[in-house]
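Got your viewer open and a hand on the mouse? Let's take a short walk through this model, one selection at a time.

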Amino acid sequence: MYDLDIKEALTRLPREVVDARNQRLKRAMDLSMKHEYLPEDLQALQTPFRSYLKDMLALVKKENAEREALGALPLYQRTIP
């Protein structure tokens with residue numbers, strides 16, 4: 001979540017996809033802390049190479065490039081009051 005483009009892409013994804021992502025991250029952290037592996041039956045269900053974020057991230061980057069080409073201010077520009 002340090003990359004603002006990724007953060008924007010995640011906000012545009014459907015809620016179910018983001019919830020599933022968060023659940024996978026929580027499960028991975030829990031198993032890592034316990035020094036355990038995911039059970040074989042659950043490993044068979046995993047699809048590690050299915051990209052759910054790539055298309056939306058490409059769209060966000062394209063929009064940012066178009067915004068920059070038109071001379072508009074960056075969408076995520078932070079200002080200090």
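What follows is a list of stops, each with something to select and a note on what is there.

**Stop 1: the whole chain.** Before you click on anything, keep in mind that this is a predicted model. Switch to a cartoon view and colour by secondary structure: the protein chain has four helices and zero strands. Trace the elements from the N terminus and you'll read α-α-α-α. The chain has 81 residues, and 16% of them count as buried. Now think about who touches whom: among contacts with a separation of 6 or more, 61% are between residues 24 or more positions apart.

**Stop 2: the nonpolar core.** Which residues make up the largest nonpolar core? Select A9, L10, L13, V18, L53, M56, L57 and V60, and show their side chains: that's the full set of eight. Helix α1 (4-12) and helix α4 (54-69) each supply at least two residues of this core, and α4 gives the most, with three. Now centre on V18. Setting aside its neighbours within four places in sequence, V18 is in contact with L10 and L13.

**Stop 3: charged pairs.** Side chains of opposite charge can pair when their charged atoms come close. How many salt bridges does a search of the whole structure find? The count is five, and we'll visit some of them.

Start by selecting R12 and E8. They form a salt bridge, with the closest N and O atoms 2.9 Å apart. Both residues sit in helix α1, four residues apart, which is about one turn of the helix.

Keep R12 on screen and add E63. The side chains of R12 and E63 also meet in a salt bridge, at 2.7 Å from N to O. This pair links distant parts of the chain, since R12 is in helix α1 and E63 is in helix α4, 51 residues apart. With all three residues showing, you're looking at a network of salt bridges that links E8, R12 and E63.

Is R12 buried or exposed? Neither, quite: R12 has a relative accessible area of 30%, so it counts as partly exposed. E63 is partly exposed too, at 32%. Turn on a surface if you'd like to look at these two residues from outside.

**Stop 4: a pair in helix α2.** Next, select D30 and K34. Their side chains meet in a salt bridge at 3.1 Å, N to O. Both lie in helix α2, four residues apart, about one turn of the helix. Check the surface here as well: D30 is partly exposed at 33% relative accessibility, and K34 is partly exposed at 47%.

**Stop 5: the largest pocket.** Rolling a probe the size of a water molecule over the atoms shows where empty space is left. To find the largest pocket, select V17, A20, R24, L45, Q46, T47, P48, R50 and Y52, the residues that line it. Its volume is about 240 Å³. Which helix gives the most to the lining? Helix α2 (residues 15-34) does, with three residues. Colour the lining by class and you'll get five nonpolar, two polar and two charged residues.

**Last look.** Zoom back out to the four helices, keeping the eight core residues and the pocket lining in two colours. Then put E8, R12 and E63 back on as sticks, and you have the salt-bridge network in view as well.

Note on methods:
Residues are numbered from 1 along each chain as its sequence is written. This is a predicted model: local features need pLDDT of at least 70, side-chain atom pairs count only at pLDDT 80 or more; totals for chains, interfaces and linings use all residues. Side-chain values use heavy atoms; hydrogens and water are left out. On a 1 Å grid over the protein atoms alone, a cavity is a set of points where a 1.4 Å probe fits but cannot get out, and a pocket is an open set with protein on both sides within 12 Å along at least five of seven lines; lining residues have an atom within 4 Å of a point. Grid points are joined across faces, edges and corners, and a volume is the space filled by probe spheres set on the points. Ala, Val, Leu, Ile, Met, Phe, Trp, Tyr, Cys and Pro count as nonpolar, Asp, Glu, Lys and Arg as charged, and the others, Gly among them, as polar. A nonpolar core is a set of buried Ala, Val, Leu, Ile, Met, Phe, Trp, Tyr and Cys residues joined through side-chain atoms within 4.5 Å. Buried means under 20% relative accessible area, exposed over 50%, partly exposed in between (1.4 Å probe, protein chains only). Contact means heavy atoms within 4.5 Å. A salt bridge is a side-chain nitrogen of Lys or Arg within 4 Å of a carboxyl oxygen of Asp or Glu.
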